[in-house]
Amino acid sequence: MQGTTWGLVGSTFIASFVEFVEALTIVLAMGFTRSWRSAIAGTIAALVALTAFTFAAGYALSTWLPEAALQLVVGTLLLIFGLQWLRKATLRSSGLKALHDETEEFANQAAAARAAGSDRRFGIDTFAFVVSFKGVFLEGVEVVFVVITFGLSAGNMGGAVWGAVAAGALVLVLGAVLHRPLSMIPENTLKYGVGLLLAAFGTYWAVEGLGVLSSEHHSLEWPGGDLAILVLLAGWLLLSRLLVATLPLLRKEMAR
Amino acid sequence: MRFLKAFGRFWYDFIIGDDWKIAAAVLTALALTAIAMTTGLLSGSILVIVGAVALFLFFVVSMVVDVRK
């Protein structure tokens, strides 16, 4: 397997892992406080909806878009997702935003579940079903986008899918064994790493894909080929560390 | 109509997220790079490097605006 493929599978695994951990927290909160049956029914319904969405989106992207346009679209999406994660990670590392905590998230979800009224249909608790469905579907759509974009752009959908499947299986096993939110996972560090990877790959593909707007409609070429991804990764890391060091000073100056 | 609104809201939340400035930064940097390319101002390796630098710069601008608020 090439270095780029390892990078993609690794990125897919870590990004999916973080999303699955968040989905698990929501489902556990509904299961413990409301109804396991309804929480699991909501999860299964979301997985069915996700499967249909994946096929539809994957088919549409690979059938209708030429290669350079696909790179531009998926690269731009990756960039936006990656920089959103990098923004939060940078703010958290610099102390300007509170760290994400799965135990706290679980407590918030559980409190909302206890406060909600009781409405049952077909023997299913509507609140637990809907919250579990939304949680799993939303986090799942992010995983699907990462898998589709990484898989199609690298021409290795199998590797990307297996990265996500392995992450999902690991979270499921950990959740079943531990039976509590996976707060021991260094989620903030993982998100920082994933943000950097998504930003680097996103920059590479989005700029390459701009070639679709040229008269030849061909992808642009990076000096050094795939190695440019490593340079971009180093660039985003350096930039984020500079921001971590300087943004608190800016905030202090503003407070004066 | 309610469904369309909810559908649009879902995709807005999903893509733009909780900070619209990031999406604006990405689109602005890419648009400027595209203009430099289509007008013949830049080409080849310089063009892609300038594209990456533009993305770095606009990300910094969005973060600074975020913190100064």
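**Close-up views of a two-chain predicted model**

**View 1. The buried residues of helix H6 in chain A.** In this predicted model, the residues of H6(A) that count as buried are Gly159(A), Ala160(A), Gly163(A), Ala164(A), Ala167(A), Gly168(A) and Val171(A). The helix itself covers residues 157–178 of chain A, 22 residues in total. Try a quick check with a ruler: at 1.5 Å a residue, H6(A) should span 32 Å, and its end C-alpha atoms sit 31 Å apart, so the two agree. Just after H6(A) comes His179(A), with a positive phi near 60°.

**View 2. Where chain A meets chain B.** Here 26 residues of chain A are in contact with 25 residues of chain B. Which helices of chain A give two or more residues to this side? They are H3 (67–93), H7 (187–209) and H8 (227–255). H8(A) hands over the largest share, 8 residues. Sort the chain A side by class and you get 18 nonpolar, 6 polar and 2 charged residues.

**View 3. The largest nonpolar core.** This core has 92 residues. Look for Leu198(A), Ala200(A), Tyr204(A) and Val26(B), the ones with the most contacts inside it. Helix H5 of chain A (residues 126–154) supplies the largest share of the core, 17 residues.

**View 4. Zooming in on Tyr204 of chain A.** Tyr204(A) is among the residues with the most contacts inside the largest nonpolar core. What does Tyr204(A) touch once its neighbours within four places in sequence are left aside? The list is Trp222(A), Ala228(A), Ile229(A) and Leu232(A).

**View 5. Chain B by itself.** Chain B has 3 helices and 0 strands, so to speak a plain α-α-α pattern when you read along the sequence. Why call chain B more spread out than a compact globule? Its radius of gyration is 16 Å, while the globule rule gives 11 Å for 69 residues, so chain B is well over that value. The C-alpha atoms of chain B fill a box of roughly 45 × 30 × 15 Å along the principal axes. Of the 69 residues in chain B, 28% are buried.

**View 6. How confident the prediction is for chain A.** The mean pLDDT of chain A is 83, and 93% of its residues reach 70 or more. Which element of chain A has the lowest mean pLDDT, and which the highest? Strand E1(A), residues 120–121, has the lowest at 72, and H8(A) has the highest at 90. You met H8(A) in View 2, where it gives the largest share of the side that touches chain B.

Methods:
Residues numbered from 1 in each chain as written. Chains lettered and ligands numbered in written order. Predicted model: local features only at pLDDT ≥ 70, side-chain atom pairs only at ≥ 80, totals over all residues. Contact = placed C-beta atoms within 7 Å. Helix = DSSP H or I, 4+ residues; strand = E, 2+ residues; numbered from the N terminus. Nonpolar A, V, L, I, M, F, W, Y, C, P; charged D, E, K, R; others polar. pLDDT = per-residue confidence, 0-100. Expected span 1.5 Å × (residues − 1). Buried ≥ 20, exposed ≤ 12 C-beta atoms within 10 Å, placed from the backbone. Rg over C-alpha atoms; globule rule 2.2 N^0.38 Å. Core = buried A, V, L, I, M, F, W, Y, C linked by C-beta atoms within 7 Å.
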